[in-house]
Amino acid sequence: SCSPPRRRQEPPRGRVALCFTDIQGSTRLWDVCPTAMASALVLHNKTLRQLIARHEGYEVKTVGDSFMVAFPSAKQALQWAVAVQVGLLAMDWPPELLKLSDAAREELEGQVIWNGLRVRVGIHLGNPIMDNDPITRRMDYFGKMVNTTARLSHLACGGQIVQ
């Protein structure tokens with residue numbers, strides 16, 4: 001049986017939890033292994049978008065390999081960020097990518113602790129300035145709260161979530 005199409009998530013308003021993601025070492029990965037990185041980015045983007053829908057987030061925009069995502073609550077944002085890290089850890093990455101130190105699979109006491117792309121996530125809760133982008137016709141967020149979220153994401157290392 002066919003399931004009805006999922007309703008497009010509306011952008012959260014007022015108090016919002018924003019997330020920024022970034023792939024650690026992506027510039028080097030692109031330089032060293034562009035074909036594998038292109039395949040890896042497709043997997044990364046598909047995974048993040050599936051999880052955005054599952055956790056009722058709103059994809060604000062992407063810039064390069066980074067995502068900006070808004071959630072109506074900090075709980076949803078954190079649940080999404082954890083799901084991203086777990087999902088990416090379990091991903092079947094291109095073998096050429098796994099040969100590189102920035103993406104190699106590593107285990108500790110039988111547990112996978114690193115595997116493939118290492119994504120950092122920053123989360124911040126607040127009241128951003130909101131406006132529709134005249135080109136994309138999508139909601140965008142601005143102001144100090146957004147800048148703080150971006151800075152938090154850069155404090156993290158790949159695989160970490162910073163609030």
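**Overall fold and nonpolar cores of the predicted model**

The protein chain has a radius of gyration (taken over C-alpha atoms) of 16 Å, which agrees with the value near 15 Å for a compact globule of 163 residues, the globule rule being 2.2 Å times the number of residues to the power 0.38. The structure is a predicted model, in which local features need pLDDT of at least 70 and side-chain atom pairs count only at pLDDT 80 or more, while totals for chains, interfaces and linings use all residues. Residues are numbered from 1 along each chain as its sequence is written, and side-chain values use heavy atoms, without hydrogens and water.

The pLDDT, the predictor's confidence in each residue from 0 to 100, averages 93 over the protein chain, and 95% of the residues score at least 70. Over residues 1-6, by contrast, the pLDDT is below 50.

The protein chain contains 5 helices and 9 strands, assigned as DSSP runs (H or I, at least four residues, for helices; E, at least two, for strands) and numbered from the N terminus.

Buried residues (under 20% relative accessible area, with a 1.4 Å probe and protein chains only) make up 45% of the 163 residues. The largest nonpolar core, a set of buried Ala, Val, Leu, Ile, Met, Phe, Trp, Tyr and Cys residues joined through side-chain atoms within 4.5 Å, has 30 residues, of which Cys19, Trp80, Leu97 and Leu117 touch the most other members. Helix α2 (34-54) is among the elements supplying at least two residues of this core, and its share of 7 residues is the largest. A second, separate core of 11 residues includes Phe20, Ala70, Tyr141 and Met145.

Conventions:
Contact = heavy atoms within 4.5 Å. Buried < 20%, exposed > 50% of the residue type's maximum accessible area, 1.4 Å probe, protein only.
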